[in-house]
Amino acid sequence: YETYKPLLEEYSINYIAPLRIIKNGEYEDFVKCLNENNFLIKDGNGEGEGIVIKRYDFYNKYGRQTWAKIVTAEFKDRHRKEMGAPVTENKMLEEEIVEEFVTGSFVEKEYAKIVNEKGGWNTKLIPMLLSKVLYELVNEEMWNIIKKFRNPKIDFKTLNTFVICKVKSVMPQIFG
């Protein structure tokens, strides 16, 4: 902006000056700017509909210059028909636990332990793998789960169901 400002003024080109120039900004900085936005708003009549965040030297992987917008909740409510209804995804606690703590490498590690212990793999070992993954999740990660989710109430039957689904998605070839 500072680079082009003298040219814009020299040629008498009308432009909108930036509300704020933020370097290395975080989301809270932009929200504060959103709440202070009163461009073209009479004093005491509220704030603007939103802000546009521009970084002129950024291009996405398709080579396009992209900008971001943050709009107020009131703007979203007024334009819900055009913007679409907000999507709220509620996940079960047990599902969140499995997504975070039962990684592909976690499952593969337990699979490798069984293969080494039994000298190979056959489908009769599937129940052992499923129970071993759940056992190790509880044994190795429960303290981290308690800290992260602040003493949660966990339904272990539901947790087991999500563990089974995760194992099936990570290693579909053994269920073939």
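**View 1. Chemical make-up of the lining of the largest pocket in the predicted model.** The lining divides into 20 nonpolar, eight charged and three polar residues. The pocket itself has a volume of about 1200 Å³. It is lined by 31 residues, and P18, R20, V52, I53 and K54 are the closest to its centre.

**View 2. Elements around the largest pocket.** Two or more lining residues come from each of α2 (27–36), β1 (50–53) and β2 (68–71). Strand β1 gives the largest share of the lining, with four residues.

**View 3. Helix α7 and its kink.** Helix α7 covers residues 126–149. Its end C-alpha atoms are only 30 Å apart, whereas a straight helix of 24 residues would span 34 Å at 1.5 Å a residue. A kink of about 65° is centred on E141.

**View 4. Buried residues of α7.** In the first part of the list are I126, L129, L130, V133, L134, E136 and L137, all of them buried. E141, M142, I145 and F149 are also buried. E141 thus appears both among the buried residues and as the centre of the kink. In general, residues three or four places apart in an α-helix point the same way, because there are 3.6 residues a turn.

**View 5. Cysteines C33 and C165.** C33 has a relative accessible area of 7% and is buried. C165, with a relative accessibility of 46%, is partly exposed. The model has zero disulfides, counted as pairs of cysteine sulfur atoms within 2.5 Å.

Notes
Residues are numbered from 1 along each chain as its sequence is written. This is a predicted model: local features need pLDDT of at least 70, side-chain atom pairs count only at pLDDT 80 or more; totals for chains, interfaces and linings use all residues. Side-chain values use heavy atoms; hydrogens and water are left out. Buried means under 20% relative accessible area, exposed over 50%, partly exposed in between (1.4 Å probe, protein chains only). On a 1 Å grid over the protein atoms alone, a cavity is a set of points where a 1.4 Å probe fits but cannot get out, and a pocket is an open set with protein on both sides within 12 Å along at least five of seven lines; lining residues have an atom within 4 Å of a point. Grid points are joined across faces, edges and corners, and a volume is the space filled by probe spheres set on the points. Ala, Val, Leu, Ile, Met, Phe, Trp, Tyr, Cys and Pro count as nonpolar, Asp, Glu, Lys and Arg as charged, and the others, Gly among them, as polar. The expected span of a helix is 1.5 Å times one less than its number of residues. The bend at a residue is the angle between axes fitted to the seven residues ending there and the seven starting there.
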